Amino acid sequence: IHSTVKPVDLMRYLCKLTKTPTGGVVLDPFTGSGSTGKAAMLEGRKFLGIEREAEYVAIAERRIAKALLGDAAELFA
């Protein structure tokens, strides 16, 4: 769907590698399909994403929301 989708596992590693503290904010000025946002949320970081293409914003929102809902579902299981 997006020409440069990054693996979420790689982006999770980079969130940790940059030493962004848990609860810290990860900024992605070219959000695309939201791999960095999803990774940031899974690593306990906040996320600020910027994307100009409405189609990609919708994709990123769905991916990040699914990651958040997946974590919430595990907490209440």
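In which loop is K19 found? In this predicted model, K19 belongs to the loop between α1 and β1, the strand formed by residues 25-28. The residue comes after helix α1 and has a positive phi, near 65°. That positive value occurs in a residue other than glycine. K19 counts as exposed because its relative accessible area is 69%, and the cut-off for exposure is over 50%.

From this loop the reader may turn back to the helix that precedes it. Helix α1 covers residues 8-17, and V8, M11 and C15 are its buried residues. Viewed down the axis of α1, the buried residues fall within an arc of 60°, so they line one face of the helix. The spacing follows a general rule: an α-helix has 3.6 residues a turn, so residues three or four places apart point the same way. The other side of α1 carries D9 and L17, both of which are exposed.

M11 deserves a separate description. This residue of helix α1 is buried because its relative accessible area is 12%, under the 20% cut-off. Apart from neighbours within four places in sequence, M11 is in contact with K6, S35, T36 and A39. With S35, the separation in sequence is 24 residues, while the C-alpha atoms of M11 and S35 are 6.8 Å apart in space.

S35 leads to the second helix, α2, in which this residue lies. S35 counts as buried because its relative accessibility is 4%. Residues up to four places away in sequence being set aside, S35 touches V5, K6, V8, M11 and R63. The buried residues of α2 include S35 and also T36, G37, A39 and A40. After α2 comes G44, with a positive phi near 80°.

How, then, are the two helices arranged? The axes of α1 and α2 lie 8 Å apart, and the helices pack at an angle of about 60°. This angle makes α1 oblique to α2, since it falls outside the ranges that count as roughly parallel, roughly antiparallel or roughly perpendicular. The crossing of the two helices is right-handed. On the α1 side, the residues that meet α2 are V8, M11, R12 and C15. Their counterparts in α2 are S35, T36, K38, A39, A40 and L42.

Several of these residues also take part in the largest nonpolar core. Which residues make up this core? Its eight members are V8, M11, C15, V26, A39, A40, F47 and I64. Helices α1 and α2, the latter spanning residues 35-42, each supply at least two residues of the core. The greatest contribution comes from α1, with three residues.

F47, one of the core residues, has contacts that reach several parts of the chain. With neighbours within four places in sequence left aside, F47 is in contact with V26, D28, T31, T36, G37, A40, M41 and I64. Among these partners, V26, A40 and I64 are also members of the core. T36, G37 and A40, also in contact with F47, are among the buried residues of α2.

Note on methods
Residues are numbered from 1 along each chain as its sequence is written. This is a predicted model: local features need pLDDT of at least 70, side-chain atom pairs count only at pLDDT 80 or more; totals for chains, interfaces and linings use all residues. Side-chain values use heavy atoms; hydrogens and water are left out. Buried means under 20% relative accessible area, exposed over 50%, partly exposed in between (1.4 Å probe, protein chains only). Helices (H or I, at least four residues) and strands (E, at least two) are DSSP runs, numbered from the N terminus. The arc is that of the directions from the helix axis to the C-beta atoms. A nonpolar core is a set of buried Ala, Val, Leu, Ile, Met, Phe, Trp, Tyr and Cys residues joined through side-chain atoms within 4.5 Å. Contact means heavy atoms within 4.5 Å. Axes are lines fitted to C-alpha atoms, for helices over the stretch in contact, and angles run from 0 to 180 degrees between N-to-C directions. Angles under 35 degrees count as roughly parallel, over 145 as roughly antiparallel, 65 to 115 as roughly perpendicular and the rest as oblique. A crossing is left-handed if the near helix is turned anticlockwise from the far one by less than a right angle, and right-handed if clockwise.
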